[in-house]
Amino acid sequence: MSEWLDPIPVEDVFEDGWVDCDGCDTRLTDELYSDGWGGCFCRPCLEALVEEWEAEARRYAAENCRITQELPEYDPDQEYRPTPEEYRAGMRDAYTPNAFMAQCRHECTNYDALIRNLYPRSLSARIAYQAIRDRITALLIDAKPDVFHEFDADGW
Ligand SMILES: [Zn+2]
């Protein structure tokens, strides 16, 4: 959870050097925590919100993430990574479990549709995005454990 809690010096945001917490009205003069929508909170208030958002995001991801079509075959014998020279020349298409994971995520799941409307700067959306991404990863690992055994779905 603490990965989401990033203190901001109050004086960086408010010239007067203070703001009241939107949750509990405590006056903040040292650090504030932002929800990314313009809300300013003390740490305990934002922590409580993050906990709610995480539970909600997890529930949403569990209910909505889906594999939408059969995954293509992956042939380890074709594995290929561009050299730095090739990469710089614009030949960036690797054929690796990682590249295959990205391809499957976009082509064979509803990942893109689920994240499309998330407002990227809001904290609740970033939490939702992470839950969706982890859940999709878990589904793909389940579908092809032999290809994706090195991936971690963060507890799913
Ligand atoms: Zn508060």
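Reader: Which residue of β4 is the bridge partner of I8, and what makes β1 and β4 a pair of strands?

Author: In this predicted model, I8 has L32 of β4 as its bridge partner, and P9 is bridged to E31 in that strand. Strands count as paired if at least two bridges are found between them. Two bridges join β1 to β4, so the requirement is met, and these strands run antiparallel.

Reader: How do you know which strands lie at the edges of the sheet?

Author: The sheet is open and has three strands in the order β1-β4-β5, with antiparallel pairing. An edge strand here is one that pairs on one side only, and this holds for β1 (residues 8-9) and for β5. Between β4 and β5 there are two bridges, again in the antiparallel sense, and one of the bridge partners is F41 of β5, which faces Y33.

Reader: What lies between β4 and β5 in their hairpin?

Author: Five residues separate the two strands of the hairpin, and G36, in the turn, has a positive phi of about 80°.

Reader: Why is the crossing of α2 and α6 called right-handed or left-handed?

Author: The name depends on the sense in which the near helix is turned from the far one, by less than a right angle: clockwise is right-handed. Helix α2 (residues 43-64) and helix α6 (residues 123-143) pack at an angle of about 35°, with their axes 8 Å apart. An angle of about 35° is less than a right angle, and the crossing of α2 and α6 is right-handed, so the turn is clockwise.

Reader: Which residues make this contact, and of what class are they?

Author: On the α2 side the contact includes V50, W53, A57 and A61, and on the α6 side it includes I127, A128, A131 and I132. By class, the contact has ten nonpolar, one polar and three charged residues; among the residues taking part are E54 and R58 of α2, and R135 of α6. Glu and Arg count as charged, so E54, R58 and R135 belong to that class.

Reader: What makes I132 a residue that touches A61, and which others does I132 touch?

Author: Two residues are in contact if their C-beta atoms lie within 7 Å. Leaving aside residues up to four places away in sequence, I132 touches A61, C65, Y111, L114 and I115, so each of these pairs satisfies that cut-off.

Reader: How many residues form the largest nonpolar core, and which element gives the largest share?

Author: That core has 29 residues, and those with the most contacts inside it are I127 and I132. The largest share, nine residues, comes from α6, while the elements giving two or more residues also include β4, β5, α2, α4 (97-108) and α5 (111-115). Membership requires a buried residue, so I127 and I132 are both buried.

Terms used. Residues are numbered from 1 along each chain as its sequence is written. This is a predicted model: local features need pLDDT of at least 70, side-chain atom pairs count only at pLDDT 80 or more; totals for chains, interfaces and linings use all residues. Axes are lines fitted to C-alpha atoms, for helices over the stretch in contact, and angles run from 0 to 180 degrees between N-to-C directions. Helices (H or I, at least four residues) and strands (E, at least two) are DSSP runs, numbered from the N terminus. A nonpolar core is a set of buried Ala, Val, Leu, Ile, Met, Phe, Trp, Tyr and Cys residues joined through C-beta atoms within 7 Å. A residue is buried if 20 or more other C-beta atoms lie within 10 Å of its own, exposed if 12 or fewer, and partly exposed in between; C-beta atoms are placed from the backbone.
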